[in-house]
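Welcome! Take a moment to turn the structure around on your screen before reading on.

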Amino acid sequence: MRIRLRGGQIYDPASGLAGVTKDIDIVDGYIAAADAEPSDVHDISGCVVMAGGIDAHTHIGGGKVNIARMMLPEIQRSDDPMAVVTTSEAGLRYLEMGYTACFEPAMMPTNARQVHMEFADTPFVDKGAYVMLGSDDLLLRMLRDGADFSQVKDYVAWTMSASRALAVKVVNPGGINAFKFNQRRLDLDEQNTHYGVTPRQILTTLSQALSELGVVHPLHIHGCNLGVPGNVETTAESIRALEGRPGHFTHLQFHAYGTEGDFKFSSGAAQLAELVNQHPNVSIDVGQIMFGQTVTESGDAMHQHAGCKHAHPNKWTIMDIECDAGCGVVPFRYRDKNFVNALQWAIGLELFLLIDDPWRVFLTTDHPNGAPFTSYPHLIRLLCDKTFRDEHFRRLHPEAQKMSTLPSITREYTLEEIAIMTRAAPARSLGLTQLGHLGVGAQADVVVYRPHDDLERMFRTPHLVFKDGTLAVRDGRLTDAGALLPSGATHAADVHFDLGITRDLTRWFDDHYTMRADSMVISEDEITGFGRGRLVKHKTSRRE
Amino acid sequence: MSSPTPQTTALPTAQTAAYPATVTCPFCALHCDDLVLRGSGANLTCVRAVAGLSRWQDMSTRPARISGKASSLSDAVARAQRLLKKARRPLISGLGADVDGVRAALRLAQTHDGWYDPAQSEAQAPLISATQRQGVIRTTFSEVRNRADLVIVIGSSVLNEVPRFIQRVVAPTVSVDGRDLADRRVLVVGASTGQLRKALPTVPESQLPASIKCSDTELPSLLQTLAARVSNKPSSGQRGIERAADALWAAISEASYTAFVWQTDASLGTAPNATVELLFDLIARLNQQSRAAALPIGGSHGAASAMAVTTWLTGYPSRIRFQRGQIEYNPAQFSWRQLIAERATDLVVWVDAFNAMPLPECGDLPVLLIGGDEADAERATVRLPTGLPGLDHDAQIIRGDQVIALTMRAAATPTGPHAPPVRDVIHALTGDAADVLKGWL
C-alpha cells in the first residue's frame, strides 16, 4: 500500500527543504521515493508538512513523575490537568499535537526499570531516556581515588547499557550527593564535602568519557546552582569548562540569572546567548516557563529542597535514592504579576531570540517544570509573532518589564527555524538517523498542518498525523487505525565496555548495596516482550 | 551491631535442576535478589523465605474450585466468565500481583465499569495522605545502609516482617563512601527489650538495638515533644515521654544522618495518620539544620507494584471507580471495605497471587478469587489458581522502598510452574480462554 501526500509545502531542514511544494510517499511505514502509483492519496495543497515533532527533554516516566501524580490529584481533576498526566494521556496528547518521539532526561540507573515500564504504558510515541550519573557514590569514589580513566569509561558504558539509555545526563554534578552530607550548595570549583571532587572534574570526566565511547548526544548538563540568583556566572564558567568539547546545557533559563536591580534578580540571557553563539560545541534547550499551576520534578534534591518554601500548594517530596541520585517534587505556580516569575518568562524568550543558530536550540518547557508540554503551540506563536509577544509582555509585573530587553528584539522565528528546533536539530543531536526528516528511508512520522495566521492554533491541532506510516490523528482526533497502533520504539545507544567492569561492579554491589549489580541490567525482552515495541540500538564507535 | 548467625537450609534434593538457582525472593518488601535455592551455595537463612518456599512447593494441591469443590480449570474459567458477564459493578481488589498482573486487573476494572481498590490501600493511606498534604523526605534501603549513622525504628514490626532488615541494611559496617559505620546506633521506639529478643533470637543480648519505651497511644505525644526539642521550644509532657524524647534527641543531635524506619503494613500505634504526619513534620524540621529521612517500608506481596502501576496508569494510587471511560478518585469513600459493607458492588474479584491477602468476609456477595489459600478458596464462588510471581513465572515487581523495580526470573521445578500468571488468568476471563491458557486447560 502506497500513501501519497500530494501538494504540501515541505519543511524538512535536514534535506534542505523550506516550504518547497513536493509530494511525500509512504510505503510500509517509511518515506519512499514518489516513483509509483499510490493506492491512497491525501490532497494537502497549501498545507505545511513536517516530520513528527521530537521532544528532547520531557519528564514523562519514572519515580519522581509518579510521585507527582500521587501528590496532586487536584491538578488532575482541574481544568488544566496537563502538568500531571498518566502515561496513556501523555502519549495521546503528544501525538495529537504532532509529536512522535519523546525523551525522558532524568532516568536514574536504579529506577531505570520503572522508566521503561512506564514507557511500555506510554502509547504511540517513540521514546528513550538519558541516564543520570555524577552524584552516584561509585563514580565519585573512582574520581576521589584517581581510578584509571578506562575504568571510569567502562563504568559509564555499563550503566548506559544496563539502563538502556540513549545518552547521559548529569544533574548538579556531585551536588545531589553532597546534599546527603548536609552540604547545601556546590559551585563549579567547590569540593563535594565528602569526596573532595568538584563539579568541574565531573563535567570534564563525563564529557570526555562520552566522547571516547562515541555516544552521539553530548553530555546533557543540568548545571550547578539551579535557580540561584547570580548563577549566570556559574553557567558561563561551565560552558568554558568544556574547553571545546561538545556539551548540551539543559533548561538554560533556570541557569541564566543575574543579581542586578532592586530585587537582586536580573536577566543573564544576553551574556549566555553571546557565549552560546561563540561556542559551536554547545547546544541548549531553554526550559521556558509559562504562567499557571504546574509541578517541578527534578533529580536536583539539593536545590529542590532549598526551593520548598516556595511550594504552591504547600507540599513537596524530597528523596535521597540508593547511593545513586535523588529527587525533588515541588508544585509551583508561576504568576505574571510576580516579579521573579515574570522575568523568568522574559529570560526564556530572550534566550530563544538572541541565540542565532536554531540547530543548537531545542524548544522545551522542561515539562512540567516550566509548563506542561501542551503549551508548545503558544510558545511557538510567541517566538514567531512579535505583536503577540509584545501584547503578553505588557501584562508582566512592571518592574520585570524594565529589566528585560524583549521589546527591543524584533526577531520573529520562521517556520523553517521552528522545524529545525522541534525536529531536525533534536534528531541530529540525539543521533536518530531515521527521525526528524522526510528523506527517503525516514520513519514515516509525518505531520500535516493547515496553515493559519494564528500559529498557536495551527500547531495545536494538526490536520493529519502519521505514525510509522499509519494515519493516526485527523483534525486533533485519534483515528480507529491510530487506536490500534503498536507501541512506539525505544531508542537506546549500543555502547561497548570491557567485561572486567562487571566483575568490579558485582563485587561493589555485593559489598555495599541491597541488590546485585545483575539486577540492574534490563534485558531486551523486558522492553520488547508482549508486543511492546521495537528496541532500536543506535551505533556508537568507541575510541581510545 | 552484628547480624544474626545464619543457619542455612536448602531446597530438598528433589527440586534440584540444572536451571539458574539464584532467585529474587517474593516473600517480603525487601525482595532480596540473592537467594540461592539449591546446590552448595544454597543460602536460605531467612525464616520467611524458608516458610514461603515450603508453602510454594505445596501449591500443586491448590486446584480450581467452584463453590468450594475442586473442579477442572476449564469449568472454573467458564463459570468465572459467566460471573463477570452478569456483574454490573464488580470490585477488583486484593491486588497482590506482579506488574503485569496489576495492569491486567486495572484493564478488567476499566472494561467492566468496576470499582478498584487494592487491599493494602488502608495500610498505605497514611503515606499517601502525607504525600498529598505536606512536606515529605524519604530515602531507600541502600541509602540507609550506607549513609545513616542513626536508625530509629518505630515499632518492632519491621524486624518481624522484614527478617533480613538488620543483616542487610543495618549490620554492615563499611559504607560505600568509605566511612566506618561500626558505631551505627539503632533505637527501636515502642518495642520492649523482650519483644526485641523475640524478633532477633540470634543476636547476642549486648548487641540488641536499644529500646525506647513508648506505648501505642503515646507515640504522637512523643513525636510532638521531640519536635519541640528540635525547634528549641518548651514542652510539658509526661515524664516518661520527656525521658524518651531526651534520649532520642541526644542521639539525633550526635548523628549526621538519621533514618526513621517503620512498616506501613502493620499498625503504627493507635493513630497511624497522625503519627505519620508528625513523623514527616519532625523530619522536615530536622532537615533545616541536619540530614534525616524516612524509610516507610510497605507494599509487600505486590502492594508496592499495585500502587505504582495504578498511579502511572490512572493518575491515582487506589480507591477509584471506572465509569464509561471516566476515572473517579475518592479516597474517603471508595475503600474496598466500605464498598463490600455497603453492598455497592455485586461481585468481588480478589487477586492474591502471593497468598498473603486474606479474603475478607463478603457475606452473600459472589466472589471470584484468583490465587489465595485453601481456606479462602472454600469460601469463594469460583477460585482460579495462579502461580507465585518470581518463582512460577517471570515477574516484575517494585520493592518496598518504592523506587527499585526488579525482574524476578522463575525458578525451575521438575514438574514445571504450578499455575498460570495473574495476567493470563485475567485475559482468559475476557478473551479466548482456550487460547490464553493453552497447556493449562
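The report below looks at how two chains meet and then at one sheet.

## A predicted model

Please keep in mind that this is a predicted model. Every value here was computed from it.

## Where chains A and B meet

Let us start with the contact between the two chains. On one side, 57 residues of chain A take part, and they touch 59 residues of chain B. How can we put a size on such a meeting place? The size of an interface is often given as the accessible area lost when the parts come together. Here chain A and chain B bury about 4900 Å² between them, and carbon and sulfur atoms carry 51% of that area. Three residues are worth finding on chain A: A:Met70, A:Met117 and A:Thr514 supply 15% of the area that chain A buries against chain B. No other three residues supply more.

## Charges and polar partners

How many salt bridges are there between chain A and chain B? The count is seven. One of them joins the side chains of A:Asp525 and B:Arg409, with 3.3 Å from N to O. Polar contacts also cross the interface of chain A and chain B, linking 50 residue pairs in which both residues have pLDDT 80 or more.

Which element gives the largest share of chain A's side? That is strand 16 (residues 316-321) of chain A, with six residues. Sorted by kind, the residues of chain A that touch chain B divide into 19 nonpolar, 18 polar and 20 charged.

## Strands that pair across the chains

Strand 16 of chain A also pairs with a partner in the other chain. Five bridges join strand 16 of chain A to strand 7 (residues 135-139) of chain B, and the two strands run parallel. To see this pairing up close, look for A:Thr317, which stands opposite B:Val136 in strand 7 of chain B.

## A sheet in chain B

Now turn to chain B itself. Nine of its strands form an open sheet in the order 4-3-17-16-15-5-6-13-14, with mixed pairing. Its edge strands, strand 4 (69-71) and strand 14 (326-329) of chain B, each pair on one side only. On average, neighbouring strands of this sheet are turned by 20° against each other, direction ignored.

Within chain B, strand 3 (residues 64-66) and strand 17 (residues 382-384) run antiparallel and are joined by two bridges. Here B:Arg65 stands opposite B:Arg383 of strand 17. Helix 15 (residues 422-430) of chain B lies across strand 15 (347-352), strand 16 (367-371) and strand 17 of chain B. This helix 15 runs at about 145° to strand 16 of chain B.

Notes:
Residues are numbered from 1 along each chain as its sequence is written. Chains are lettered from A and ligands numbered from 1 in the order in which they are written. This is a predicted model: local features need pLDDT of at least 70, side-chain atom pairs count only at pLDDT 80 or more; totals for chains, interfaces and linings use all residues. Side-chain values use heavy atoms; hydrogens and water are left out. Contact means heavy atoms within 4.5 Å. Buried area is the accessible area (1.4 Å probe) that two parts lose on being put together, summed over both. A salt bridge is a side-chain nitrogen of Lys or Arg within 4 Å of a carboxyl oxygen of Asp or Glu. A polar contact is a pair of N or O atoms within 3.5 Å; within protein, one must be able to donate a hydrogen and the other to accept it, and residues adjacent in sequence count only if both atoms are side-chain atoms. Helices (H or I, at least four residues) and strands (E, at least two) are DSSP runs, numbered from the N terminus. Ala, Val, Leu, Ile, Met, Phe, Trp, Tyr, Cys and Pro count as nonpolar, Asp, Glu, Lys and Arg as charged, and the others, Gly among them, as polar. Two strands pair if DSSP finds at least two bridges between them. Axes are lines fitted to C-alpha atoms, for helices over the stretch in contact, and angles run from 0 to 180 degrees between N-to-C directions.
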